[in-house]
Every structure is written in structure tokens, then in C-alpha cells.
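Me: I am new to protein structures and would like a close look at one part: the place where the bound molecules sit. Please explain each term as you go.

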Amino acid sequence: MANTLLIGAQWGDEGKGKVVDFLSQNADIVVRYQGGSNAGHTIEIGAERYVLHLVPSGILYPDKTCVIGNGLVIDPVGLVKEIKELNARGIMTAGRLHVSDRAHVVAPYHKAVDAASENKLAVGAKIGTTQRGIGPTYADKANRTGLRMGDLLDPALKTLLAGRLAQKNELLATLGAAPLEAAKVYAEIHEAALFLTPYITDTVKLLNDAYRAKKEILFEGAQGTMLDIDFGTYPFVTSSNPTSGGACVGTGLPPRSVERVLGVIKAYTTRVGEGPFPTELLDATGEGLRKRGREFGATTGRPRRCGWFDAVVGRYSAMVNGVDYWAITKLDVLDEMETIKVCVAYECDGKRHETVPASISILERCKPIYKEFPGWMSPTSQIKRYEDLPVKAKEYVKALCDITGVPLGVLSVSPQRESTFRIAI
Ligand code: GDP
Ligand code: IMO
Ligand code: MG
């Protein structure tokens with residue numbers, strides 16, 4: 001397999017975890033490059049269901065090396081919990097899970113600031129974050145006041161933390177939130193640091209050595225293009241670059257190490273949290289998608305907003321990520337739809353938009369221009385070969401590819417590993 005970079009092409013939850021798991025069988029190394037435990041990547045194998053937040057989705061194969069890259073923000077306490085849960089289920093991590101010493105630490109005060117800032121925002125201005133401390137941790141990184149995973153092993157950690165916490169407690173007071181206790185914060189982080197010590201290493205060197213040794217590398221994106229801090233629906237975004245450009249910065253691997261980009265995209269659209277969503281369905285059809293697609297957040301449990309496939313978003317994602325192939329997921333969720341709509345362009349103030357406008361106020365007023373497709377009205381989730389899909393289902397998939405200008409690489413028709421068709425990659 002060529003070194004493959006897998007990105008989410010919509011607003012997250014496209015089924016990246018499932019597709020990474022499927023492709024991991026052909027990879028040596030699976031590496032996450034951005035985000036943090038705001039991610040929830042679900043993998044279903046038979047009756048077993050795993051939801052991963054920080055650990056790469058390749059971990060379920062016992063022989064794969066998994067790397068948490070320097071571009072992530074890591075909650076050490078959450079990571080320990082995730083590792084222990086995996087270990088308890090027989091998924092061993094020692095010696096094959098590596099955590100970057102350059103990745104930034106999400107401390108308890110980052111989570112407190114995240115929650116308090118959201119509470120303070122007026123309705124309409126709220127972002128609807130996962131409250132995992134992502135924004136405040138990336139802000140500290142940019143502000144050069146962050147703490148890195150390598151610092152956890154430093155004897156000066158206690159003093160360093162106390163200094164940071166004093167500043168954050170002042171901020172928390174202005175936000176009307178309770179201060180945190182220095183001794184408690186240190187104890188929590190110190191305990192996690194002791195557990196994580198054998199995992200923390202120079203992953204930049206590790207990854208580049210593997211690259212030079214011609215190991216197959218699979219880059220696992222989290223979140224999605226429309227949540228990207230540069231290309232997404234700013235300010236209703238996350239605080240990192242989930243797009244393909246983020247992969248090099250978040251791993252230390254050079255651009256040439258990425259041989260192809262696979263964009264994961266649902267056969268319809270969902271979004272969790274606030275912000276514009278032109279094809280959102282606030283009616284029974286949207287409710288039907290949520291029910292059939294089991295569209296509830298893997299991290300926060302919030303109901304996901306649902307709507308029709310947005311080809312404007314698809315084309316835009318293909319452009320900014322350089323998508324070579326789509327992995328289209330959740331086709332089966334549309335099995336009972338008599339008619340399926342696809343948004344081919346937007347209309348705003350009498351003007352037609354073929355790409356996503358940067359202005360949030362324009363995007364909020366954009367109305368989708370739809371093209372209709374006949375549904376196939378028959379079950380697909382038990383189908384094991386692409387050729388056996390109903391003709392109308394294949395025509396719908398082809399239409400999505402044609403309208404967005406990207407060929408089909410992978411197609412998925414159920415949460416299970418074996419319901420994944422490898423078409424062109
Ligand atoms: P991620 O964040 O992109 O990894 O996606 P999530 O795991 O948050 O959400 C995707 C959900 O869809 C998970 O519950 C998956 O088990 C499920 N899923 C993935 N592919 C398919 C599919 O083809 N059909 C159905 N019905 N569910 C799928
Ligand atoms: P995966 O990897 C869906 C959304 C949040 C919120 C915004 C900012 O599972 O696809 P943050 O906590 O990052 O500051 O929240 O981004 N968000 C996600 N939505 N899937 C995700 O990850 C998300 N990670 C963040 O709901 O709107
Ligand atoms: Mg998810």
C-alpha cells in the first residue's frame with residue numbers, strides 16, 4: 001500500500017475510524033497528526049465496539065505500530081484511561097504505542113477554561129465545543145505558554161504547573177468559574193506521567209526512520225475539513241488543521257512521504273455543535289437520518305444535526321486536501337429513502353456559489369440548490385460485494401463522485417469491518 005493520508009471531508013464523524021481500521025491491515029504504522037480527545041473514532045468488529053479518542057485506530061491489529069504525533073494536544077489522564085481500557089479488553093499497547101514528546105498537554109485548567117468560556121458566550125455565539133480543553137491548549141501552544149508531553153518527565157514540573165495554574169485561576173475567576181487546586185492538578189498529572197513515561201518518545205525520529213526504511217504509513221486525520229481552523233466555518237471550528245496540510249506539521253514527516261490522500265465522506269451530511277450547515281434538515285427526514293444512522297456523538301453523546309449530501313463541501317474538500325479517492329460511508333442509511341437530494345450549489349442574494357464562501361454571514365444565508373435522485377428502497381448493509389448493490393445505489397454513488405470530481409476508492413455499507421468494498425485503492 002502507498003503511504004496514505006486519510007482525512008474527514010465534512011464536519012467530522014464521517015467514519016474515519018472504520019476506514020482506518022480497514023486500511024490498517026496493509027499498513028505498518030498508523031499515526032494521528034492533530035486534534036485531541038475531541039475525536040471519537042468508532043470501530044465495530046462483530047459484537048465488539050471500540051471508541052477511540054487519542055489512540056490511533058490501527059491499534060486493534062496486534063502487529064501495528066501506532067503513533068500519537070507532535071501535532072496533537074493530549075489529556076494525559078484521559079490517555080491513561082483509554083490505554084487501560086484497551087489493555088483490559090486484550091488490546092496490548094506496550095512497545096507499539098508511541099506518544100510524541102513534542103505534543104502539547106491538555107491540563108485540567110484547559111478543560112475548565114474551555115467549559116467556562118463556552119458558558120459565558122451568548123446563545124448564537126457558542127461554538128458547542130466538546131469541552132475537552134482543545135481550544136485553550138492550542139491557544140497556549142501558539143502563545144508559547146504550553147506544556148509538552150516531554151515536560152511531564154521534568155523534575156521542575158511541579159513548579160511549572162503551579163505558575164501556569166496561578167494565571168489560569170485568574171482567568172477562571174473573570175469567567176465566573178471556581179479556581180483549581182494546585183496540589184490536586186499536580187497529583188493527577190504526575191500520576192498519569194509516571195504511567196505514560198515508557199510511551200513518550202521522539203516520534204519525529206521514529207517516523208522518519210520508518211519512512212526511510214520504506215515502512216507503510218497510514219495518517220489518521222481527526223475532525224473534518226469544515227472544522228479546520230483555516231478552511232472551516234470559522235469561528236465554528238476546532239483549533240487545529242485536520243486537512244491534509246496538517247499531516248506534515250503534526251508528524252514531522254516531509255510532504256513527499258504522503259503518496260495519496262483518501263477523503264472520507266458520508267453519503268449524506270452531519271454536524272455536531274453550532275455553526276452554519278446549509279443542507280441541514282430540521283424535519284422528519286433529518287430525524288429519520290439520525291435514527292437510521294445512529295447519529296449521536298461518539299465523544300459527547302449529543303444528537304448530530306443531519307442533512308443531505310453537500311457537493312459544494314465535497315468539491316471544496318477535494319480541492320483543499322488534494323483528495324485522490326473518496327471513501328464513501330453510510331450508504332445503507334439511505335436505503336429507505338424514496339427520493340434523495342444532493343446540493344450541487346448554493347444561492348445567496350441572487351448569486352450562485354459553486355464553492356464554500358469564507359464569510360460566515362454569507363454562508364448562513366446560503367440556500368442549497370438541489371438535484372434529486374431516486375432511492376433504491378432495498379437493504380444494502382448485508383451486501384458483501386460492490387457488484388451486488390442495487391443499480392440505483394451504484395448510480396447515486398457514481399453521481400456523488402461525478403459532481404465532486406473524485407473517483408471512488410472505498411465504499412462502506414455498515415459499521416462492520418467486512419462491509420467495506422475496496423474499489424480502486
Ligand atoms: P469518525 O469520527 O469519523 O471515526 O466517525 P464516528 O465513529 O464518530 O461516527 C461514525 C459512525 O458511523 C460510527 O458509529 C460507525 O460505527 C458508523 N459507521 C461507519 N461506517 C458505516 C456505514 O457504512 N454504515 C453505517 N450504518 N454505519 C457506519
Ligand atoms: P471526529 O474525529 C465531530 C466539533 C465540536 C464543535 C467544534 C469545536 O470524531 O470526527 P472542540 O472541542 O474541537 O473545540 O469543538 O468541533 N468537533 C467535532 N465534531 N467530530 C469530531 O471529531 C469533532 N471534534 C470536534 O462539536 O462544534
Ligand atoms: Mg467521531
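Reply: Let's begin with ligand 1, where one of the oxygen atoms lies 2.7 Å from a polar backbone atom of K16. That is a polar contact, meaning a pair of N or O atoms within 3.5 Å; within protein, one atom must be able to donate a hydrogen and the other to accept it, and residues adjacent in sequence count only if both atoms are side-chain atoms. Please keep in mind that this is a predicted model, in which local features need pLDDT of at least 70 and side-chain atom pairs count only at pLDDT 80 or more, while totals for chains, interfaces and linings use all residues. Residues are numbered from 1 along each chain as its sequence is written, chains are lettered from A and ligands numbered from 1 in the order in which they are written, and side-chain values use heavy atoms, with hydrogens and water left out.

Side chains reach ligand 1 as well. An N or O atom in the side chain of T42 is 2.6 Å from an oxygen atom of ligand 1, and for the side chain of K330 the corresponding distance is 2.9 Å. On its own, ligand 1 would expose 590 Å², and the protein buries 95% of that. Such areas come from the Shrake-Rupley method with a 1.4 Å probe; for residues, only the protein chains shown count as cover. The elements giving two or more residues to the shell around ligand 1 are α1 and β3. In these names, α stands for a helix and β for a strand: helices (H or I, at least four residues) and strands (E, at least two) are DSSP runs, numbered from the N terminus.

K330 deserves a second look. It sits in the loop between β15 (325-329) and β16 (339-348), and its phi is positive, about 60 degrees, although K330 is not a glycine. Most residues other than glycine have a negative phi.

Who else is around ligand 1? There are 20 residues in its surroundings, and the closest are K16, G17, T42, D332 and S412. Here a residue is near a molecule or strand if one of its heavy atoms lies within 4 Å of it. The shell around ligand 1 holds 4 nonpolar, 7 polar and 9 charged residues. In this sorting, Ala, Val, Leu, Ile, Met, Phe, Trp, Tyr, Cys and Pro are nonpolar, Asp, Glu, Lys and Arg are charged, and the others, Gly among them, are polar.

Now move to ligand 2. It too is surrounded by 20 residues, the closest being D13, K16, H41, T130 and T238. K16 appears in the list of closest residues for ligand 1 as well. Oxygen atoms of ligand 2 lie 2.6 Å from a side-chain N or O atom of T130, 2.8 Å from a polar backbone atom of Q223, and 2.6 Å from a side-chain N or O atom of T238. Taken alone, ligand 2 exposes 550 Å², of which the protein buries 97%. Its shell divides into 7 nonpolar, 10 polar and 3 charged residues. Where is ligand 2 with respect to domain 1 and domain 2? Domain 1 (4-95 + 203-422) and domain 2 (104-196) both contribute residues to its shell, so ligand 2 lies between them. The bounds come from an automatic or database domain assignment.

D13 has another partner, the magnesium ion (ligand 3), which is coordinated by D13 (OD) and G40 (O) at 2.0 to 2.2 Å. These two residues are 27 apart and link distant parts of the chain: D13 is in the loop between β1 (4-8) and α1 (16-24), and G40 is in the loop between β2 (29-32) and β3 (41-45). Donors are N, O and S atoms within 2.8 Å of the metal (3.2 Å for Na, K and Ca); water is not among the atoms, so sites may look incomplete. As for G40, it is buried, with a relative accessible area of 13%. Buried means under 20% relative accessible area, exposed over 50%, and partly exposed in between (1.4 Å probe, protein chains only).
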